[in-house]
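Please look over the local architecture of the model shown here, with attention to one helix and to how several strands are arranged.

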Amino acid sequence: MSWDSVPWFTEGGAEHSSEVARLLAFAAFAGSQGVVGAGDLRVRALASPAAAVTVYPGACAILNRAPGGAYQAYAARLPSADQIPVAATGAAKRSDLVVARIENPYSAGETWPLPGDPKTGPYIYSRIISNVPGTTTDVRQVRPNDSAITLARIDIPANTSSITQTMIKDLREMVNPRARRRLYTASPSGDQNWAGNSKGTWVAWPAAARWTVEVPPWATKGRIVLTLAGVQVLRAGVWGSSAWKLGTVQGQSVMLDTGKADGSERLHLISADTIAIPSAMRGTVQTLSGMIALDDDNAGTLQADRATTCILDVDWAEDPTEDET
């Protein structure tokens, strides 16, 4: 088997093959497929629910799955919203997939019909693949040879003709999602005590567990772990909860309870949660603080001192299913 005789890019009026052009797209997308931006190609119900859904504008990469299509990808865009009809259900419920699919009859091994105009196509469509298993999350589960990406699944109850947003499950994946992880550490320069608070209230503590963090403009999700290692319990037992707070968003709390009536000991307070980043917070600078809530009947106190280390692990992620802007 010989080389494709014209590599990208050769001068002198050489004619380059579509396969080599798609190879360039494949390399640019790092061999992945999906939507380009977190907000691209969302599937939404109509403002007044009816027997249709809307695919909103965006761009995508789609791998060529035709025979001989290895190391090839298509780059496509939807410049304006595309409304597609959805058939009503009868006596039984039904699940449909919404996909973006390349239908290129000129690619070797494909059997799609010829387009009305070879110059303008179209060669890509928003399509409904009807009556798939209700657990389907990828078009490859039902049509493995299609050059397509999955946008959403619509789970339609029986005897239904109008599609509402609650029926639509977002299944988009990004071609190259961004991620950024940051690790922060700090230790108190002196004793930072907290003896308690009004029952049911949270306070920022200790002062060393407070950082100014930059939220990436593309971040739709944050996975945050805060560890207060070597916190000292003085004089008696304590019980309550610890957590962290990013701006106005507080993560899940973790219970603490020494179970002792007296004495001194050290414990590690760990709080972790995954949160959706509100659109207004993206691209801003926020304060991230450790939080504590002790029952107001506590006999003991907590102390963060030079033997305490505060460790913050923040993992920002770009996930289209978390993007609701």
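Contact here means that heavy atoms lie within 4.5 Å of each other, and buried means under 20% relative accessible area. The model is a predicted one, and the description below should be read accordingly.

In helix 1, which spans residues 18–28, Val20, Arg22, Ala25 and Phe26 are buried, and the elements that cover these buried residues include strand 4 (58–63) and strand 5 (73–78). Just after helix 1, Ala30 adopts a positive phi of about 55 degrees.

An open sheet is built from 3 strands in the order 2-3-6, paired in antiparallel fashion. Strand 2 (43–50) and strand 6 (82–85) stand at the edges with a single partner strand each, so one side of each has no neighbour in the sheet. On average, and with direction ignored, neighbouring strands of this sheet are turned by 35 degrees against each other.

Elsewhere, strand 14 (residues 210–214) has side chains that alternate: Trp211 and Val213 point to one face and are buried, whereas Arg210, Thr212 and Glu214 point to the other face and are not buried.

Two antiparallel pairings can be set side by side, each with a pair of facing residues.

| Strands | Bridges | Facing residues |
|---|---|---|
| strand 3 (residues 52–55) and strand 6 | 4 bridges | Val55 and Asp82 |
| strand 14 and strand 20 (residues 285–294) | 5 bridges | Glu214 and Val285 |

Glu214 thus appears twice in this account, as a residue of strand 14 that is not buried and as the one standing opposite Val285 in strand 20.

Notes. Residues numbered from 1 in each chain as written. Predicted model: local features only at pLDDT ≥ 70, side-chain atom pairs only at ≥ 80, totals over all residues. Heavy atoms only, no water. Buried < 20%, exposed > 50% of the residue type's maximum accessible area, 1.4 Å probe, protein only. Helix = DSSP H or I, 4+ residues; strand = E, 2+ residues; numbered from the N terminus. Pairing = 2+ DSSP bridges. Axes fitted to C-alpha atoms, helices over the stretch in contact; angles between N-to-C directions.
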